[in-house]
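Hi everyone, thanks for coming. I'd like to walk you through one model today, so please have a look at the screen.

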Amino acid sequence: MEETYTVDLQGLKELAHKLAENLKGNEVIFLKGDLGAGKTTFVRYLVEALQPEEGTVVRSPTFAVLNEYRTQKGNVYHADLYRVKNFDFTDYVGNGILLIEWADYLKDLKPDLVIEFKVLDENRRKVKIRTAEG
Ligand SMILES: Nc1ncnc2c1ncn2[C@@H]1O[C@H](COP(=O)(O)OP(=O)(O)OP(=O)(O)O)[C@@H](O)[C@H]1O
Ligand SMILES: [Mg+2]
């Protein structure tokens with residue numbers, strides 16, 4: 001299934017909150033799109049919607065590769081492979097919501113959801129949400 005939205009920041013937040021409600025807590029989600037398209041911003045809203053433990057701040061994991069957040073729906077793992085290209089996710093898959101930016105070079109991991117971000121203009125993004133078949 002595939003759904004496309006055109007959203008400003010507020011719309012992106014609403015989309016993230018809607019998705020948060022529908023997640024079971026063990027999904028693998030690939031986040032695609034250019035630098036600055038809104039992938040990390042989406043994760044920030046998503047984690048926020050999942051009621052993280054107090055003091056949680058979502059930052060880009062570009063340097064840490066993987067950040068971990070505790071929420072009411074279990075752990076959220078947020079990875080960014082822009083620099084490293086590959087990473088062993090064995091310990092994370094199925095143990096929380098796993099969100100991966102720049103997953104293009106990952107060979108062995110299949111996503112349950114792919115979310116694609118496209119910059120339309122400064123404040124608007126096209127967001128395509130695709131669920132895996134079968
Ligand atoms: N509608 C929108 N959706 C998402 N981000 C938006 C929107 N409008 C403006 N922005 C801004 O665009 C920037 C998106 O940056 P963000 O770090 O989320 O991108 P990214 O896709 O994670 O990039 P990178 O690949 O470098 O990690 C933020 O500064 C955000 O405030
Ligand atoms: Mg990012």
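Let me start with a small puzzle: which residue does Y69 stand opposite in β4? The answer is V76. Strands here, like β4, are DSSP runs of E with at least two residues, helices are runs of H or I with at least four, and both are numbered from the N terminus.

Before going on, some housekeeping. This is a predicted model, where local features need pLDDT of at least 70, side-chain atom pairs count only at pLDDT 80 or more, and totals for chains, interfaces and linings use all residues. Residues are numbered from 1 along each chain as its sequence is written, while chains are lettered from A and ligands numbered from 1 in the order in which they are written.

Back to our strand pair. β3 (residues 66-71) and β4 (residues 74-80) run antiparallel with 6 bridges, and a hairpin of 2 residues connects them. Pairing means that DSSP finds at least two bridges between the strands. β3 also has two distinct faces: N67, Y69 and T71 point to one and are buried, whereas L66, E68 and R70 point to the other and are not. By buried I mean 20 or more other C-beta atoms within 10 Å of a residue's own; exposed is 12 or fewer, partly exposed is in between, and the C-beta atoms are placed from the backbone.

Now the overall picture. There are 2 helices and 7 strands in the protein, and from the N terminus the order is β-α-β-α-β-β-β-β-β. The radius of gyration is 14 Å, which agrees with the value near 14 Å for a compact globule of 134 residues. For that, we take C-alpha atoms, and the globule rule is 2.2 Å times the number of residues to the power 0.38. Along the principal axes, the C-alpha atoms fill a box of roughly 35 × 35 × 35 Å. Buried residues make up 34% of the 134. Of the contacts with a separation of 6 or more, 49% link residues 24 or more positions apart; a contact means C-beta atoms, placed from the backbone, within 7 Å.

Let's move to the other antiparallel pairs. β1 (residues 2-7) and β7 are joined by 6 bridges, with T6 opposite K126. β6 and β7 share 8 bridges, again antiparallel, and a hairpin of 2 residues links them. On β6, V114 stands opposite R130 in β7. Those two residues are 16 apart in sequence, with 5.1 Å between their C-alpha atoms. Leaving out residues up to four places away in sequence, V114 touches F30, K32 and R130. V114 has 17 C-beta neighbours inside 10 Å, so it counts as partly exposed.

What about the interior? The largest nonpolar core has 32 residues, and among those with the most contacts inside it are F42, L46 and I100. A core here is a set of buried Ala, Val, Leu, Ile, Met, Phe, Trp, Tyr and Cys residues joined through C-beta atoms within 7 Å. α2 gives the largest share, 6 residues. F42 touches L12, A16, L31 and I115, again not counting residues up to four places away.

That brings us to α2 itself. It is largely enclosed by the rest of the structure, because 9 of its 11 residues are buried. The elements covering these buried residues include α1, β2, β3, β4, β5 and β6.

α2 also matters for our next topic, the ligand, since it supplies the largest share of the shell around ligand 1, 3 residues. How many residues surround ligand 1? There are 19, and the closest are L35, G38, K39, T40 and T41. Being near means a C-beta atom, placed from the backbone, within 6 Å of the molecule. α1 (9-22), α2 (39-49) and β7 (124-131) each give two or more residues to the shell. By class, the shell holds 6 nonpolar, 7 polar and 6 charged residues. Here nonpolar is Ala, Val, Leu, Ile, Met, Phe, Trp, Tyr, Cys and Pro, charged is Asp, Glu, Lys and Arg, and polar is the others, Gly among them.

One last stop, for the backbone fans. Most residues other than glycine have a negative phi. Q51, in the loop between α2 and β3, has a positive phi of about 55°. W102, in the loop between β5 and β6, has a positive phi near 60°. Q51 counts as partly exposed, whereas W102 is buried.

Thanks for listening!

Key
Two residues are in contact if their C-beta atoms, placed from the backbone, lie within 7 Å.
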